[in-house]
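Reader: I should like to work through this model feature by feature, with the general idea given ahead of each case. May we begin with the strands?

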Amino acid sequence: MNWLRVIALSFLFLLLVPILVLLYFGLGPLRTPVGYGPEVFRSVALSLVSSAVAATVDVVAFTPLAYYLARNRNRVTESLVDIPVSIPHPIIGVALLVVSSPITPTGAFLISIGINLFNSIAGLVIALVVVSAPIYVKSLQPYFESRDPSPEQFAMGLGASQLRTFFTVVLPDSSRSVISGALLAMSRGLSEFGSIAILAYYVLQSPFYGVNPASVLIYQYYSYFGLGAAVTTSVTLIVISVPLAMAVRFVRRG
Amino acid sequence: MSGFEGAAKSNAASDWSSAFASLASGMVKVGISDPNADPAGLRGWLVLEAAGSLYEGNQSAYAAPLLHEKANVTGSAAANMVAPLQAGQFQFLFTYRSAAIAQHLGYLQLDHRVNLGDQKLASSYALLTYRLASGLTKGAPIILCMTVPTNAPHASEAMQFVQYLAKSSGPVVSAYGLQPFTPPLLYNNTAPPPFVSQMLADGVVAQGGSLGP
């Protein structure tokens, strides 16, 4: 008997029990049509699109940071990266609300250039970027650390800058890890609630006018329409997000 | 805002008309909570309809342009929209006067034919309609009620609280802009519990009628 395996799998099972119970009740005794109605699918579509856009922003903006931290260990910078995930996420929502408030200089500036974060797709995406970027960086940094640095040293030995080395030597054969990190960031975005409940409870822009992000919709159903609606909507979101989580593994393993 | 303040001061229909037209013009953002989730949001839309009906002879006179201009900002509950209002994300919020007082917000006193606050105007409020997800809803005076649930875990303390409010709530609720019935009214469809019957017998509360839509 492999006791390590028994203990590990037992606790994994315990971890999954709430989800399994939810699936059972959502697909069975508590199944409520509103939980898989058009409003839910519009909401899930909004969450998928905004999470995908946020993950794309993570890739474009934060891949260099993951590489930089891997090759230039700096505890202060690494601690700064951790801040958005180590504070309660409603704080992120309140902070972005203040940043975009017309009564603050930052908000006045954003509005003057046509950027509105409150109840907008841009606000939703930015909140998701803030909460998912640290996850993305932390998932990608170990990959860069584990890479054989010889090709990079060779390129820099020929006179290439670290930035050029990053783009021409490192990135081209890092696509699998980058995609895996992006999917992980997207999963994180899909599950976000605290910040977006404050900043983008609804989106008031086409093509998602009047649509809640999925996690917010579940909370709204829980608050106003009862357990059945909340459980069924939760199951709908789980059915959509679990394949995403599995895709992370498949991409990573190749 | 100044248009509304002027209208509130003069109470002239033309001033109110002009103020509501500005409100619905898209020049300002107006917070109205989700009417399906929050009664305050439903009342917000009904108030706009009442104002349209009273000042323009058309219930949609203000609600329609507000929607057309996408000038309405929504949220799950009016209470959750106070912080973004204070942050300047929108300029007006439809909520109860009691909530505005409790939150120390500046507020405008609307005409009683518009504000759904006059029980004597129940029949004219009933001409207003709004379609919720659950169906068509008619306007009605806003009346706050309280009850003790059958299985309340602290029923005895809850009943004492009801007695306290029934006997001495006037100044407490008036401080928040509410207009208490004097005496308080009992609305019921079943026999009231003994302590309420006693208050009825003592004249502390009066019979209000039956519960129901």
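Author: In chain B, three strands make up an open sheet in the order S2-S1-S3, with parallel pairing. The edge strands are S2 and strand S3 (92-93) of chain B, each of which pairs on one side only. Please keep in mind throughout that this is a predicted model.

Reader: How many bridges hold strand S1 (residues 30-31) of chain B to S3(B), and in which sense do the two pair?

Author: A general remark may help with any sheet: in a regular strand, side chains alternate between the two faces. Here, S1(B) and S3(B) pair over two bridges in the parallel sense. Within that pairing, B:Gly31 has B:Leu93 of S3(B) as its bridge partner.

Reader: What is the direction of strand S4 (residues 129-132) of chain B relative to strand S5 (residues 135-138) of chain B?

Author: S4(B) and S5(B) run antiparallel and are joined by four bridges. The connection between S4(B) and S5(B) is a hairpin through two residues. As one example of the register, B:Arg131 is bridged to B:Leu136 in S5(B).

Reader: Let us turn to the interface. How many residues does each of chain B and chain A bring to the contact?

Author: Chain B brings 15 residues and chain A brings 15 residues. The area buried between the two chains is about 1,300 Å², and carbon and sulfur atoms give 60% of that area. On the side of chain B that touches chain A, strand S2 (72-73) and helix H5 (82-86) of chain B each supply at least two residues.

Reader: How many salt bridges, and how many residue pairs in polar contact, are found between chain B and chain A?

Author: The rule finds zero salt bridges across this interface. Polar contacts between chain B and chain A, by contrast, are counted for six residue pairs, both residues being at pLDDT 80 or more.

Reader: Now a helix. Why does the length of helix H9 (residues 175-191) of chain A agree with what one should expect?

Author: The expected span is 1.5 Å times one less than the number of residues. For the 17 residues of H9(A) this should give 24 Å, and the end C-alpha atoms are 24 Å apart, so the two values agree. Buried residues of H9(A) include A:Val178, A:Leu183, A:Met186 and A:Leu190. Also among them are A:Ser180, A:Ser187 and A:Arg188.

Reader: Where does A:Phe193 lie, and what does this residue touch?

Author: A:Phe193 is in the loop between H9 and helix H10 (194-199) of chain A. Its relative accessible area is 29%, which lies between the limits of 20% and 50%, so A:Phe193 is partly exposed. Apart from neighbours within four places in sequence, A:Phe193 is in contact with A:Ser215, A:Val216 and A:Tyr219. The C-alpha atoms of A:Phe193 and A:Leu16, which are 177 residues apart along the chain, are separated by 20 Å.

Reader: Is A:Thr233 buried or exposed?

Author: A:Thr233 is buried because its relative accessible area is 3%, against a cut-off of under 20%. This residue belongs to helix H12 (residues 227-253) of chain A. Setting aside residues up to four places away in sequence, A:Thr233 touches A:Gly35, A:Val40, A:Leu217, A:Ile218 and A:Tyr221.

Reader: Finally, the backbone. Which residues other than glycine have a positive phi, and where are cis peptide bonds placed?

Author: Most residues other than glycine have a negative phi, and most peptide bonds are trans. A:Asn119, although not a glycine, has a positive phi of about 55°. A:Asn119 lies in the loop between helix H5 (105-112) and helix H6 (121-146) of chain A, and at 4% relative accessibility A:Asn119 counts as buried. B:Lys70 has a positive phi near 50° and is placed in the loop between helix H4 (60-68) and S2 of chain B. At 38% relative accessibility, B:Lys70 counts as partly exposed.

As for cis bonds, one joins A:Ser206 and A:Pro207, with omega about 0°. A:Pro207 is in the loop between H10 and helix H11 (214-224) of chain A. The peptide bond from B:Thr182 to B:Pro183 is also cis, with omega near 0°. B:Pro183 is in the loop between helix H9 (170-174) and strand S6 (185-187) of chain B.

Methods
Residues are numbered from 1 along each chain as its sequence is written. Chains are lettered from A and ligands numbered from 1 in the order in which they are written. This is a predicted model: local features need pLDDT of at least 70, side-chain atom pairs count only at pLDDT 80 or more; totals for chains, interfaces and linings use all residues. Side-chain values use heavy atoms; hydrogens and water are left out. Buried means under 20% relative accessible area, exposed over 50%, partly exposed in between (1.4 Å probe, protein chains only). Contact means heavy atoms within 4.5 Å. Two strands pair if DSSP finds at least two bridges between them. Buried area is the accessible area (1.4 Å probe) that two parts lose on being put together, summed over both. A salt bridge is a side-chain nitrogen of Lys or Arg within 4 Å of a carboxyl oxygen of Asp or Glu. A polar contact is a pair of N or O atoms within 3.5 Å; within protein, one must be able to donate a hydrogen and the other to accept it, and residues adjacent in sequence count only if both atoms are side-chain atoms.
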